[in-house]
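Please walk through the structure shown below, beginning with its internal space and ending with its strands.

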Amino acid sequence: MNVQRPVLGAEGPYDTAYLPRFEMRLVPAKAPVVEPVAKLGGEPFWLGEPNWPVAPRTGVPLDFIGQFPVPGEPGEEPRMAYLFLSYDDYETGGIDADDGEAVLLVQPGGRIPDFAVIGPPGTMGRSLWAFDAEEEREPVEFRIDFRPVADELEAELDEDGVLFVDNYIGGRPSYPDWSGYQAPWRFFFKLGPGDGDPYFLNFADGGGYAYLSPDRLEGRFKWEAA
């Protein structure tokens, strides 16, 4: 399902490249989500051949974080972007967008980034998780409901460059002074760290930012500390 449309004339990551902007509302899944919809956690619902990335240095499968509808024009073939991150000793991959520790794959018809290492057929890793009451890791899965960002929050972004929403898709990134990924790549979505509730991602209290190439066939992901 495409929930956004590309903006003509967008030149780089700080333009409004995809509209409208939506806040991501997380709804705990009552059963495994096995359809091409936006979600965090669980297992990827592939629209092409499974391509599970592994860490280039160790060969350990990356963690599956979530899947997100790629913006498109009416009548275009629906595509999904699948986010995978490494996780080692409470450190989440993605501080460098091009080292293979953070991989954003587009299907169908997408390009696998040249730095990504895909595991052999049948490779599977963990999914997104949170801490349970005993501080043990527990897999989580959420459907994502998209809701328009409130006008007053959009106005604050226009004035200050900061949007006080943890997870959103479309619009401009909330830290436009960050070097991020360079033009002509376009901002796609932002994920907050979660802080263990409802999920855990260690972005050093900052946020993770996804980008798409202008043809929407290749992705990048990078996080920035607060």
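**Cavity, pocket and sheet**

One cavity of 30 Å³ or more is present in the structure, which is a predicted model. The largest cavity encloses about 60 Å³ of space. Its lining is made up of D63, I65, L85, S86, Y87, T92, L128, W129, F200 and L201. Sorted by class, the residues lining the largest cavity are seven nonpolar, two polar and one charged. With Tyr counted as nonpolar, Y87 belongs to the nonpolar part of this lining, while D63 is the charged residue.

Open space is treated separately from enclosed space. The volume of the largest pocket is about 430 Å³. A set of 23 residues lines the largest pocket, and S86, Y87, D88, E91 and E101 are the ones nearest its centre. Two short strands take part here: β8 (87-88) and β9 (91-92) each give at least two residues to the lining of the largest pocket. The class make-up of the largest pocket's lining is nine nonpolar, seven polar and seven charged residues. S86 and Y87 are among the residues that line the largest cavity, and both are also among those nearest the centre of the largest pocket.

The strands can now be followed across the sheet. Ten of them form an open sheet with antiparallel pairing, in the order β10-β7-β6-β4-β14-β3-β15-β16-β17-β18. The edges are β10 (102-107) and β18 (219-224); each has a single partner strand, so one side of each is left without a neighbour in the sheet.

Within this order, β14 sits between β4 and β3. On one side, strand β3 (residues 22-28) runs antiparallel to strand β14 (residues 141-148), and seven bridges join the two. In this pair, L26 is placed opposite I144 of β14. On the other side, strand β4 (residues 39-41) pairs with β14 over three bridges, again in the antiparallel sense. Here G41 is found opposite E141 of β14.

Which strand pairs with β18, and over how many bridges? The partner is strand β17 (residues 207-212), which pairs with β18 in the antiparallel sense over six bridges. One point of contact between them is given by Y209, whose bridge partner in β18 is K222. This pairing brings the account to one edge of the sheet, where β18 stands.

Technical notes:
Residues are numbered from 1 along each chain as its sequence is written. This is a predicted model: local features need pLDDT of at least 70, side-chain atom pairs count only at pLDDT 80 or more; totals for chains, interfaces and linings use all residues. Side-chain values use heavy atoms; hydrogens and water are left out. Two strands pair if DSSP finds at least two bridges between them. Helices (H or I, at least four residues) and strands (E, at least two) are DSSP runs, numbered from the N terminus. On a 1 Å grid over the protein atoms alone, a cavity is a set of points where a 1.4 Å probe fits but cannot get out, and a pocket is an open set with protein on both sides within 12 Å along at least five of seven lines; lining residues have an atom within 4 Å of a point. Grid points are joined across faces, edges and corners, and a volume is the space filled by probe spheres set on the points.
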